[in-house]
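Open the model in your viewer and keep the sequence panel visible. This tour tells you what to select at each stop and what is there.

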Amino acid sequence: MFLKDMKKIFFKSTCAVCSKPLNEREYDICEKCFSEIERVSSIKKEGDLYFFLPYNDHLKSLIFKYKYGSIKDISTIYSRLFRYKLLDVLASEKIEVIIPVPIHEKRENARGFNQVEEIIKALKYPYMKIRRSENTNSMHNFH
Ligand SMILES: [Zn+2]
């Protein structure tokens with residue numbers, strides 16, 4: 001009883017995607033939303049670049065909350081979703097270290113974190129941080 005109450009205090013008790021209450025085995029995202037995103041997710045390769053997933057409504061909602069709602073904990077959901085697919089790519093391409101695309105210090109300070117870096121941290125994979133030299137437009141503004 002005590003542990004259950006503590007869990008309610010320290011952990012979010014609603015799904016990050018659909019906002020339904022989570023059961024005791026779920027954390028951050030409900031099983032239904034997780035399996036729906038996992039079902040449609042894949043890694044595609046074009047040239048030297050790998051792309052994650054087709055865009056569906058669940059994922060759109062999760063990405064929006066992650067980027068603009070500054071919800072850092074969502075990085076653990078991403079790492080759970082893509083861990084095995086990503087580790088397969090890293091192994092098959094013999095990639096030893098990941099370099100997250102840097103965001104400008106001002107933007108990182110405003111958000112409080114680099115969203116790609118947080119996902120890599122959650123994967124527990126070696127990564128190297130590099131600095132961006134000027135404050136360019138965010139990818140969101142590119143057409
Ligand atoms: Zn849900």
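Select K129 first, together with P100 and E117: leaving out residues up to four places away in sequence, K129 touches these two. Here two residues are in contact if their C-beta atoms, placed from the backbone, lie within 7 Å. K129 sits in the segment after α6. Helices (H or I, at least four residues) and strands (E, at least two) are DSSP runs, numbered from the N terminus. Now add I98: K129 and I98 are 31 residues apart in sequence, and their C-alpha atoms are 8.7 Å apart in space. Is K129 buried or exposed? K129 counts as exposed because it has 10 C-beta neighbours inside 10 Å. The cut-offs are these: a residue is buried if 20 or more other C-beta atoms lie within 10 Å of its own, exposed if 12 or fewer, and partly exposed in between, with C-beta atoms placed from the backbone.

Before going on, note what kind of model this is. It is a predicted model, in which local features need pLDDT of at least 70 and side-chain atom pairs count only at pLDDT 80 or more, while totals for chains, interfaces and linings use all residues. Residues are numbered from 1 along each chain as its sequence is written.

**The whole chain**

Show the chain as a cartoon. The protein chain has 6 helices and 2 strands, and along the sequence they follow the pattern α-α-β-β-α-α-α-α. Of its 143 residues, 17% are buried. Among contacts between residues at least 6 apart in sequence, 54% join residues at least 24 apart.

Next, colour by pLDDT, the predictor's confidence in each residue, from 0 to 100. The mean for the protein chain is 75, and 76% of its residues reach 70 or more. Which elements have the lowest and the highest mean pLDDT? Helix α1 (residues 2–10) has the lowest, 55, and α2 the highest, 84. Then select residues 139–143, where pLDDT stays under 50 and the model has 1 contact beyond four places in sequence. Where pLDDT is low, the predicted coordinates should not be read in detail.

**The nonpolar core**

Select A16, I29, L62 and I77. Of the 19 residues in the largest nonpolar core, these four touch the most other members. A nonpolar core is a set of buried Ala, Val, Leu, Ile, Met, Phe, Trp, Tyr and Cys residues joined through C-beta atoms within 7 Å. Helices α2 (31–40), α3 (57–68), α4 (74–92) and α6 (115–123) each supply at least two residues of this core. The most come from α4, which gives 6 residues. In soluble globular proteins, nonpolar side chains tend to be buried together.

Centre the view on L62. Apart from its neighbours within four places in sequence, L62 is in contact with A16, V17, I74 and I77.

**Where α4 meets α6**

Hide everything except α4 and α6. Their axes come within 8 Å and cross at roughly 65°; the axes are lines fitted to C-alpha atoms, for helices over the stretch in contact, and angles run from 0 to 180 degrees between N-to-C directions. Show side chains for S75, T76, Y78, S79, R83 and L86 in α4, which meet Q115, E118, I119, A122 and L123 in α6. Within α6, the buried residues are E118, I119, I120 and L123, and the buried residues of α6 pack against α4.

**Two lysines with positive phi**

Most residues other than glycine have a negative phi, and most peptide bonds are trans. Select K94, in the loop between α4 and α5 (105–111). K94 has a positive phi of about 55° although it is not a glycine. With 6 C-beta neighbours inside 10 Å, K94 is exposed. Then select K124, which follows α6 and has a positive phi near 60°. K124 is exposed too, with 9 other C-beta atoms within 10 Å.

**Last stop: T14**

Select T14, in the loop between α1 and α2. What does T14 touch, not counting residues up to four places away in sequence? Its contacts are S19, K20, P21 and L22. T14 counts as partly exposed because it has 14 C-beta neighbours inside 10 Å. Finally, add Y27: T14 and Y27 are 13 residues apart in sequence and 8.3 Å apart in space, C-alpha to C-alpha.
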